[in-house]
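Trainee: Could you walk me through how to read a structure like this? I would like to start from a single residue and work outwards.

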Amino acid sequence: MEESDGAVIAGSLETPGAFGIIFDRHGSTLLRFLARRVNPADAEDLLGEVFRIAFERRSTFERDRDSARPWLYGIAANVVAKHHQSEARRLRAMARVSAGRPLDDDPAERAVAAADAGALWARVMAAFRTLPEAERQVLLLFAWEELSYDEIALALGVPVGTVRSRLSRGRARLAALTRGRDTTTDVPLTPCDAGGER
Amino acid sequence: MTDDLEPLRRSRPDRLLPDDPPDPEILVREKARLMSAITGPHGAVEHRRSPSIYPRLAYRDEVAALEFLTRAFGLVERRESRMEHPAGMLAWLEIGDGMVMIGRAGEERHGLHSPLETGAPTAMVNVYVHDIDTHYRRAESEGAQIVMPLEDMFWGDRRYEALDLEGHRWHFAERASEIRAGPPTQ
């Protein structure tokens, strides 16, 4: 039976080198998270930052927790938030890629007229950029990282109820924005820069 | 009704541009940096670059393969580089100054197949080890299928060949000069 992350981190208070095991277990997951969120060239630096912060704060990790992953995601989400320019560049680049992407054979998309579908991808990414930071974090931890509500709550240090409400607000706003209207204000959106930066 | 998060889910960069995972070298480098920050320069882990050439082997069950290759053949995983993914794990294994990468077989995995699917291996991995006799006994007792017995060859190497659990062929040898010189000193 492998030692839990909680036990490894507790042990690393005495023997700091043991913290390397936490990197072994979660480093690649966190690197992939960062590479999705920021410019890939920045992901490596941010990975180092995440683990240095985690190491410094390891005494605050509750030792009866099995997995350090949600906690590391939380640190990483904060680090990403501090680098929002890099994040914005990443999202613009992905909007460009997705705009030119042909449709998969997907029943949900066959319903959409083919001509609209490429634009839909771009609209999703563009709409996403305009969401408040807090909602963006929750949406992505849920939709991209597939964390549970409880894990997101742990990661962001907020109650589960807050996770639920941010998720449903973000979801509604995203759906409205993607359709081209912001129902929260009922003002048609400007075409904005769905095509990405020039 | 379709899930309104589906477009976002499918906009994940690595789903839009499915490709290999990030460079494992990044993880090796960052782990080395972290460890030297934690334990000081003396405890620093050596950062070894990947060799300029290394094969990628495909398995139907790459997790079982990883376990077998470390147990029977003495390969050592670069643990920090392991990439776990629902669609299969990728791992990098070292022995001496060489390396192999293993991943899941499949048409969408670079078109690589396991010998279980092709019926025969199409390559052989050549490995030099220290103390070939011990290596041989270990491989045999851990269930590797020995296909060429351990023997001295006319060019001086002592070698054997074995199949791993999915039939990839491995050639293990020790150089005659090293056998004469005795065990390594470090």
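Mentor: Happy to. Let us start with B:Arg159, whose contacts beyond four places in sequence are B:Met148, B:Pro149, B:Leu150, B:Glu151, B:Met153, B:His171, B:Phe172 and B:Ala173. Keep in mind throughout that this is a predicted model.

Trainee: Where in chain B does B:Arg159 have its place? And is B:Arg159 buried or exposed?

Mentor: B:Arg159 belongs to strand 7 of chain B. For burial, compare the relative accessible area with the 20% limit, under which a residue counts as buried. B:Arg159 has a relative accessible area of 5%, so this arginine is buried.

Trainee: Which side chain meets B:Arg159 in a salt bridge?

Mentor: B:Glu151 does, with 3.0 Å from N to O. B:Glu151 itself is partly exposed, having a relative accessible area of 31%. You can read another pair in the same manner: B:Glu161 and B:Arg169 form a salt bridge at 2.7 Å, N to O. There the glutamate, B:Glu161, is buried at 8%, while B:Arg169 is partly exposed at 25%.

Trainee: How do I read a salt bridge that sits within a helix?

Mentor: Look at the spacing along the sequence. B:Arg71 and B:Glu67 form a salt bridge, with their closest N and O atoms 2.7 Å apart. The two are four residues apart in helix 4 (residues 62-72) of chain B, so about one helical turn separates them. B:Arg71 counts as partly exposed at 29% relative accessibility, and B:Glu67 also counts as partly exposed, at 40%.

Trainee: How many salt bridges does a search of the whole structure find?

Mentor: The search finds 31 over all chains. Some are joined up: A:Arg37, A:Glu87, A:Glu133 and A:Arg136 are linked in a network of salt bridges.

Trainee: Now the aromatic rings, please. What should I look at in a pair?

Mentor: Look at the distance between ring centres and the angle between planes; over 60 degrees counts as edge-to-face, under 30 as stacked, and the rest as tilted. Over all chains the count is 12 aromatic pairs. In one of them, A:Phe142 and A:Tyr149, the centres are 5.6 Å apart and the planes lie at 45°, so this pair is tilted. A:Phe142 is buried, at 18% relative accessible area, whereas A:Tyr149 is partly exposed, at 24%. Now take B:Phe68 and B:Phe73: with centres 5.5 Å apart and planes at 75°, the pair is edge-to-face. Both of these phenylalanines are buried, and together with B:Tyr136, B:Tyr160, B:Trp170 and B:Phe172 they form one aromatic cluster.

Trainee: Which residue lies over the face of B:Tyr128?

Mentor: B:Arg175, at 3.7 Å from the ring centre. In chain A, the charged end of A:Arg58 sits over the ring of A:Phe55, 3.9 Å from the centre of that ring.

Trainee: Let us turn to the backbone. What does the sign of phi tell me?

Mentor: Most residues other than glycine have a negative phi, so a positive one deserves a look. B:His110 has a positive phi of about 65° and is not a glycine. B:His110 lies in the loop between strand 4 (98-104) and helix 5 (115-118) of chain B. B:Asp131, also a residue other than glycine, has a positive phi near 55°. The loop that holds B:Asp131 runs between strand 5 (124-128) and helix 6 (132-141) of chain B.

Trainee: And how do I judge the interface between the chains?

Mentor: The size of an interface is often given as the accessible area lost when the parts come together. Here chain B and chain A bury about 3400 Å² between them, with 67% of it on carbon and sulfur atoms. B:Leu8, B:Arg10 and B:Leu16 supply 19% of the area that chain B buries against chain A, more than any other three residues. In terms of contacts, 32 residues of chain B touch 39 residues of chain A.

Trainee: How many salt bridges does the rule find across the interface of chain B and chain A?

Mentor: Three. A:Glu44 forms a salt bridge with B:Arg33, and their closest N and O atoms are 3.6 Å apart.

Trainee: Last one: what does chain A look like overall?

Mentor: Chain A has 10 helices and two strands, and the two strands come after the helices along the sequence. Of its 198 residues, 49% are buried.

Key:
Residues are numbered from 1 along each chain as its sequence is written. Chains are lettered from A and ligands numbered from 1 in the order in which they are written. This is a predicted model: local features need pLDDT of at least 70, side-chain atom pairs count only at pLDDT 80 or more; totals for chains, interfaces and linings use all residues. Side-chain values use heavy atoms; hydrogens and water are left out. Buried means under 20% relative accessible area, exposed over 50%, partly exposed in between (1.4 Å probe, protein chains only). Rings of Phe, Tyr and Trp (its six-membered ring) pair if their centres lie within 6.5 Å; planes under 30 degrees apart count as stacked, over 60 as edge-to-face and the rest as tilted. A charge sits over a ring if NZ of Lys or CZ of Arg is within 6 Å of the ring centre and within 35 degrees of the ring normal. Contact means heavy atoms within 4.5 Å. Buried area is the accessible area (1.4 Å probe) that two parts lose on being put together, summed over both. A salt bridge is a side-chain nitrogen of Lys or Arg within 4 Å of a carboxyl oxygen of Asp or Glu.
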